[in-house]
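Visitor: I am new to this structure. Please walk me through the words used for it, and tell me how each one is earned.

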Amino acid sequence: MARARQERAEITRQAILDGAAIAFDRTGFHGTSLTDVVGHAGVTKGALYFHFSSKEAIARTLMDEQFQISEGLPAIVEPGLQTAIDLTHRMAFGLRSNVRVRAGIRLVIEFGSFTDPDPSPYNTWIDTCHSCLAPAQERGDVLPSVDTHSLSTMLVAAFSGIQVTSHVRTGRTDLHARVVDLWNFLLPGIVPAERISRFDPAGSPECRSELGLSATASVPASGSTPATDSSPATTT
């Protein structure tokens, strides 16, 4: 009986997060009320307050979910530069296909900008990137002259700007192609020339297969052929 109650409680909690994600994705943190959240979630305010003390607590939970993308890194035997490339495509895929990811990223941007900014989400992303780029440099895949922490900071800033621009211009339909552009421009400046061919700006074959991405955007960083869109085959 206790287990059944716990399962029902978790279903309700997830429904609240789903409802909040829909609302935050549409109108942002300040434009969303708890009435909006319970309306989308199909629960009562009492149920909401049982799980979350405030609208900000719900928002924080959705933002924290965005960092789960790095939870699998310890299981990767040798995280490196291709891991970082794949992570940017995984985040791009999440933005295109998952409303909770979109809501979380919108909240990160809102909470990290202008009024009482919170840098912690960006710092977490930077640390995740650094955990890939530092060992890559140790293996000789990143030039020794490169400051990997500064590179990680720049990468997070660049991806943040790219996804916002893609959202405004195309509704993120070109986001994977723009991520490919990012890496095509970036790799020649950070990787020894003889090693560039080891890395695929369009994502590793395993990443592309998992996300349903086209391989046609795989263009060598030193090549002259323009990248094509590597959009997911299907999105929800």
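Visitor: What makes Arg3 exposed?

Guide: This is a predicted model, and the values are computed from it. Arg3 has a relative accessible area of 63%. Exposed means over 50%, so Arg3 is called exposed.

Visitor: Why does Glu7 count as partly exposed?

Guide: Its relative accessibility is 44%. Buried stops under 20% and exposed begins over 50%, so Glu7 falls in between.

Visitor: How do you know that Arg3 forms a salt bridge with Glu7?

Guide: Their closest N and O atoms are 3.5 Å apart. The cut-off is 4 Å, so the pair qualifies. Both residues belong to helix α1, four residues apart, which means about one helical turn separates them.

Visitor: How many salt bridges does the structure hold?

Guide: The structure holds 14. Take Asp25 and Arg102, whose closest N and O atoms are 3.4 Å apart. That is within 4 Å, so this is a salt bridge too.

Visitor: Which parts does the pair Asp25 and Arg102 tie together?

Guide: Asp25 lies in helix α1 and Arg102 in helix α6, so the pair links parts that are 77 residues apart in sequence.

Visitor: Are Asp25 and Arg102 buried or partly exposed?

Guide: Asp25 has a relative accessible area of 23%, so it is partly exposed. Arg102 stands at 19%, under the 20% limit, so Arg102 counts as buried.

Visitor: What makes Asp174 and Arg178 a salt bridge?

Guide: Their side chains meet at 2.9 Å, N to O. The limit is 4 Å, so they pass. Shared partners join Arg169, Asp174, Arg178 and Asp181 into one network of salt bridges. Asp174 is buried at 9%, while Arg178 is partly exposed at 26%.

Visitor: Why is the aromatic pair of Phe24 and Phe29 called stacked?

Guide: The ring planes of Phe24 and Phe29 are 20 degrees apart. Stacked means under 30 degrees, so the name fits. The ring centres lie 6.0 Å apart, within the 6.5 Å that a pair needs. Phe24 is buried, with a relative accessible area of 0%. Phe29 is buried as well, at 12%.

Visitor: Why is the pair of Tyr122 and Trp125 called edge-to-face?

Guide: Here the planes stand 85 degrees apart. Edge-to-face means over 60 degrees, so Tyr122 and Trp125 earn the term. Their centres are 5.5 Å apart. Both residues lie in helix α7, three residues apart, about one turn of the helix. Both are buried.

Visitor: Which residues in α6 meet Tyr122 and Trp125 in α7?

Guide: Ile105, Val108 and Ile109 in α6 meet Pro121, Tyr122 and Trp125 in α7. By type, the residues of this contact are six nonpolar, no polar and no charged.

Visitor: At what angle do α6 and α7 pack?

Guide: Helix α6 (residues 99-111) and helix α7 (residues 120-138) pack at about 115 degrees. Their axes are 9 Å apart.

Visitor: Which residues have the most contacts inside the largest nonpolar core?

Guide: They are Phe24, Ile58, Leu81 and Trp183. This core has 55 residues. Helices that each supply at least two of them include α1, α6 and α7.

Visitor: What is Trp183 in contact with, leaving aside its neighbours within four places in sequence?

Guide: Its partners are Leu81, Ala84, Ile85, Thr88, Leu155, Pro188 and Pro201.

How values were computed. Residues are numbered from 1 along each chain as its sequence is written. This is a predicted model: local features need pLDDT of at least 70, side-chain atom pairs count only at pLDDT 80 or more; totals for chains, interfaces and linings use all residues. Side-chain values use heavy atoms; hydrogens and water are left out. Axes are lines fitted to C-alpha atoms, for helices over the stretch in contact, and angles run from 0 to 180 degrees between N-to-C directions. Helices (H or I, at least four residues) and strands (E, at least two) are DSSP runs, numbered from the N terminus. Contact means heavy atoms within 4.5 Å. Ala, Val, Leu, Ile, Met, Phe, Trp, Tyr, Cys and Pro count as nonpolar, Asp, Glu, Lys and Arg as charged, and the others, Gly among them, as polar. A nonpolar core is a set of buried Ala, Val, Leu, Ile, Met, Phe, Trp, Tyr and Cys residues joined through side-chain atoms within 4.5 Å. Buried means under 20% relative accessible area, exposed over 50%, partly exposed in between (1.4 Å probe, protein chains only).
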